[in-house]
Every structure is written in structure tokens, then in C-alpha cells.
Amino acid sequence: MNPDGGRAVVVGAGPNGLAAAIVLAQAGMRVEVLEAEEQAGGGARTMELTLPGFHHDFGSAVHPLAVASPFFSSLPLRDHGLEWIHSPAPLAHPFDDGTAMTLERDLEAAVRVLGTDGKAWHELIGPLVERWPEFAAEILGPVIHLPRHPFLLASFGLKALLPAVSLANLWFRNQRTKALFAGLAAHSFLALDEPLSASFGLVLGATAHAVGWPIPQGGAQAITRALIAHLEQFGGVVRTSSRVDSLASIGEFDAALCDVTPRHLMQMAGERFTPGYSRQLQRYRQAPGVFKVDYALSQPIPWRAADCARAATVHLGGSMAEIAESEDAMRRGRHAERPFVLLAQPTLFDPGRAPQGKHIAWAYCHVRNGSTFDMLSRVEAQIERFAPGFRDCILARHAFRTTDLEAMDANLTGGDIVGGAADWRQLLLRPTWRLYATTDRAIYICSSSTPPGGGVHGMCGYHAAKLALSRMHKLR
């Protein structure tokens, strides 16, 4: 490490903050990461939330974007204990007739499972899978950039701009395939008749075949531990229980990279910004929130469709029309009677995360930002609908309203787990036209409120740190 490389402070030890810290430390800077909570990781933490011996993921549980991340892929994280576990099928989507449709990891196998829609699926998703490294590099960065693969990106963009319902109806004939795609698109936190909602379905569908939807052995904390271990090899330091209310309190620095929301950046350093930039931060809009439940179970979930036990991720929503109705209710500030539920069942494939013979599950649904409504009975009714007897398996549960999530991670404003609304009005200004830079040349924002947005991929931190280094080099 170059002792004269300057001092960098990173606020927040989530995946983006740690990614930024690694880039800065690799460049020879003296790096200190300050984390408000007792446990580093942000949304990538694993905790005993229900009973002793049951290890739940506080935030994300399944990580396609972590293995797809160009930056994480460049790091020797396996040397620091990170092991990926792939379930036989990335995703299962059950129906009321007791069957389920699976999204297979192998593209040709998926074509066979999708039957009459198999050819259409291959034509829609196949080009993204076949050129995944180039495609991932294009989409996991700023939206406005000079593309290296313009035809690939243009072909994707023409479809991605569509509402998910429109694209599904254009490409697929089978209602089951349409429902499968709707579940993928619903990760967008947009109504499925909104522009851009199709983009999430396309990207997640492609990742299922290109890299899979794996879970980290031992839980999401394994990602955080590996990143910290790698950072420490370059002399970086992580300090937990070190909340930063003002950047003025952390002493002199050459660069401060903040893995925080625009609102928190204003609180920390608003006096150092121009009025115009401050107004842009204040106008930034959050995405809807989630209502989340962690379960300790006496046995595996008793799915009616046996194929559900092949997948770490299960989408519970029935038909495309029903999923669209649920997401429309969320966008209009209502609480769906039959919410679209995203469920993960890690211990089917990583049994060490619960006592012998016992299991964990993780489920959430979308609600309006800041909602305090108790969705527990509605979430469990949806699980029970496809797995009769589920409630009899529950040993303990821990339910999180949006306010509970924010209390455990200040970045989850109003329960927003994706760092801000991803609709067309905010796509290009996430959070402002300056992207990672601010009007203070020493301060940068590197949270999921910056491109490419939510997910455990570290690319927000990577790009912010690269920009900071470039500007410091030019200044010197």
C-alpha cells in the first residue's frame, strides 16, 4: 500500500460501500469504513431472527447479481470462504391446480419445460444469455454511457422499455409462461402495465440461465465476510457501531464515499453542497417498501407441487392477471388482498443454517413506502394456498413492517429495498445527473440510489470509487 495515497472514508459497510473501499484500497489509499450497525453488511447480513440456531438473511437471500457482478467476479472471494450453492432449478412458480412451472438453469432445458413457448423464450432471452459478459457490463453501470455493444443494447432496450404485460402478451401464448414472466418482472416494484417493467423480467430471466440464482453457503453474511477479508489484505479497516451523522465529525479526508440514501447524504453534508444540487437530492423519490417475514420451520414447506422443492426461490402469485393486480394495488398505495409473495427456502440446499431436520424460510410482499399495515395473514394465506399445512410447520416467525426494516438499516427508507423508484422519470437521474459525484469534489454517493441500482453486486460502489480516483488523479 502506498502510504502517501491519501485518506478515504467510506460511510456504510454494505456491499456497495465495501466494493468502493476495496477499489480505493487497491489504489493505495488509506481506507476506513464506518458502519452504523453492530454488524457489517447492510442488506447482506445473516442473523438469528427467530430461534437460536436458525440463521436468517436480514435482506437478500438469493444472489444472481452477485455472481453476475463484473467487479465481484474479479475478486478472489472464494479464497475468503465464499461458496455458492445452486438449487436444481433457479425458480418455481406454482399454480392452483397443484402443478408448478420451473425456470431451469440450462436454457435448452427451459425451452423444453416451456413447451409451446419454448422457442419464443429462446428467441427473447437467448441472445442475452449467449453474450452475457458483454451484456452485464453494459447494464451494470450508468444508464447514459457510450455503449461498447450498441446493437446488443439496442435490441434489449426495444423490449425492455415495454410494460411487462404487453411484452408477455406479444411473445407468449401459454398463460403459465405469462405468469412466470410476470413474477420476474414484478421484482421491478413497478405496476406491470408501466414502461420499463419488462426490463426486470428480461434481466432476471437471463441471469437464471447465464449465472444461476445461487445462495451463499451460510447466508448472505458470507459475502460480507469475504469482502471485508479482501479489503483487509490492502490495509482497509471496518469499524462497526460507528454512526456518522455529519461528515464534519470524521476529520480531514481526500475522499468520502457515502453508501447512503440521498436524504441521509443531505443530513450528513448538505451545508457543503450548492442549493441546486441539494434540491435535486431532496426531490429524489423512494420506491415502495416490503413487508417481510422470516420463519423457523419444523420441516420443509409442504408444497402441493413437488417441483417447488427443486428451487431455492418460489414466486407465489398465480396468474399474470393476479400478479398485475397485486402490483397495481401497491403502486396505488393500497394493500393487495392476495399479494404477490417472493419466498426463499435456503435450508433445502444449505441445511447447516438450521438445527438438524429443521428449516428456515424467508418471504416478502410489496407495500406502499412507509406502510405500517400488517400483511402477515395475507402473506401466510398465499403460502398456505400452494402449500396446505404450512402454518402447522411454523415454530417461530419474525415479521418486519417497513418501519422495522428502516430501524435496522437506515438505507431502507420506508422499507425501500432497491434504493429508489426505478420508473422512467427517475431512470436517468438516479439520484441526479451527476450520478456518483456531488458539488463537493471530495464527496461521492455510492449507494443503490446510484446506477445501476438495487441488488448485491457492488457496482455502484465500484463506479463511484473509480470516478473518485480519476478526479483525484486529474486534480493532482
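**Exercise 1. Place Leu 77 in the chain and decide: is Leu 77 buried or exposed?**

Solution. Start with location. Leu 77 sits in the loop between helix H3 (70–73) and strand E5 (84–85). Helices (H or I, at least four residues) and strands (E, at least two) are DSSP runs, numbered from the N terminus. The model is predicted: local features need pLDDT of at least 70, side-chain atom pairs count only at pLDDT 80 or more, and totals for chains, interfaces and linings use all residues. Residues are numbered from 1 along each chain as its sequence is written, and side-chain values use heavy atoms, with hydrogens and water left out.

Next, accessibility. Buried means under 20% relative accessible area, exposed over 50%, and partly exposed in between (1.4 Å probe, protein chains only). Leu 77 has 5% relative accessibility, so it counts as buried.

Then list the contacts, meaning heavy atoms within 4.5 Å. Neighbours within four places in sequence are left aside; Leu 77 then touches Phe 72, Leu 82, Ala 226 and Leu 227.

Last, one distance. Leu 77 and Ala 422 are 345 residues apart along the chain, and their C-alpha atoms are separated by 30 Å.

**Exercise 2. Check the span of helix H1 and find which of its residues are buried.**

Solution. Take the span first. The expected span of a helix is 1.5 Å times one less than its number of residues. Helix H1 (residues 15–26) has twelve residues, so it should span 16 Å; its end C-alpha atoms are 16 Å apart, which agrees.

Now burial. The buried residues are Pro 15, Asn 16, Gly 17, Leu 18, Ala 19, Ala 20, Ala 21, Ile 22, Val 23, Leu 24 and Ala 25. That is eleven of the twelve, so H1 is largely enclosed by the rest of the structure.

Finish with what comes after. Gly 28 follows H1 and has a positive phi, near 100 degrees.

**Exercise 3. Describe the five-stranded sheet and the helix that packs on it.**

Solution. Get the order. The sheet is open and parallel, in the order E9-E2-E1-E10-E16. Its edge strands are E9 (237–239) and E16 (443–445), each of which pairs on one side only. Two strands pair if DSSP finds at least two bridges between them.

Get the twist. It averages 20 degrees from one strand to the next.

Look at one pair. Strand E1 (residues 7–11) and strand E2 (residues 30–34) share five bridges in the parallel sense. Val 11 has Leu 34 in E2 as its bridge partner.

Add the helix. Helix H12 (residues 262–269) packs on the sheet and touches E1, strand E10 (255–258) and E16. The directions of H12 and E16 make about 160 degrees. Axes are lines fitted to C-alpha atoms, for helices over the stretch in contact, and angles run from 0 to 180 degrees between N-to-C directions.

**Exercise 4. Compare how helices H5 and H6 meet H10.**

Solution. Take H5 first. Helix H5 (residues 118–130) and helix H10 (residues 197–210) pack at about 70 degrees, with axes 9 Å apart. Angles under 35 degrees count as roughly parallel, over 145 as roughly antiparallel, 65 to 115 as roughly perpendicular and the rest as oblique. H5 and H10 are therefore roughly perpendicular. H5 passes H10 in a right-handed crossing. A crossing is left-handed if the near helix is turned anticlockwise from the far one by less than a right angle, and right-handed if clockwise. The H5 residues Trp 121, Leu 124, Ile 125, Leu 128 and Val 129 meet Leu 202, Gly 205, Ala 206, His 209 and Ala 210 in H10.

Now H6. The axes of helix H6 (residues 132–139) and H10 come within 12 Å and cross at roughly 140 degrees. That makes H6 oblique to H10. This crossing is left-handed. Trp 132, Phe 135 and Ile 139 in H6 meet Val 203, Ala 206, Thr 207 and Ala 210 in H10.

**Exercise 5. Trace the seven-stranded sheet and examine strand E13.**

Solution. The order is E7-E6-E12-E13-E14-E11-E15; the sheet is open, with mixed pairing. Strand E7 (100–103) and strand E15 (394–400) are the edges.

Go to E13 (residues 341–344). Four bridges join it to strand E12 (residues 311–316), running antiparallel. Thr 313 stands opposite Ala 344. Four bridges also join E13 to strand E14 (residues 359–367), again antiparallel. Here Leu 343 has Ala 363 as its bridge partner.

Check the faces. Val 341 and Leu 343 on one side, and Leu 342 and Ala 344 on the other, are all buried.
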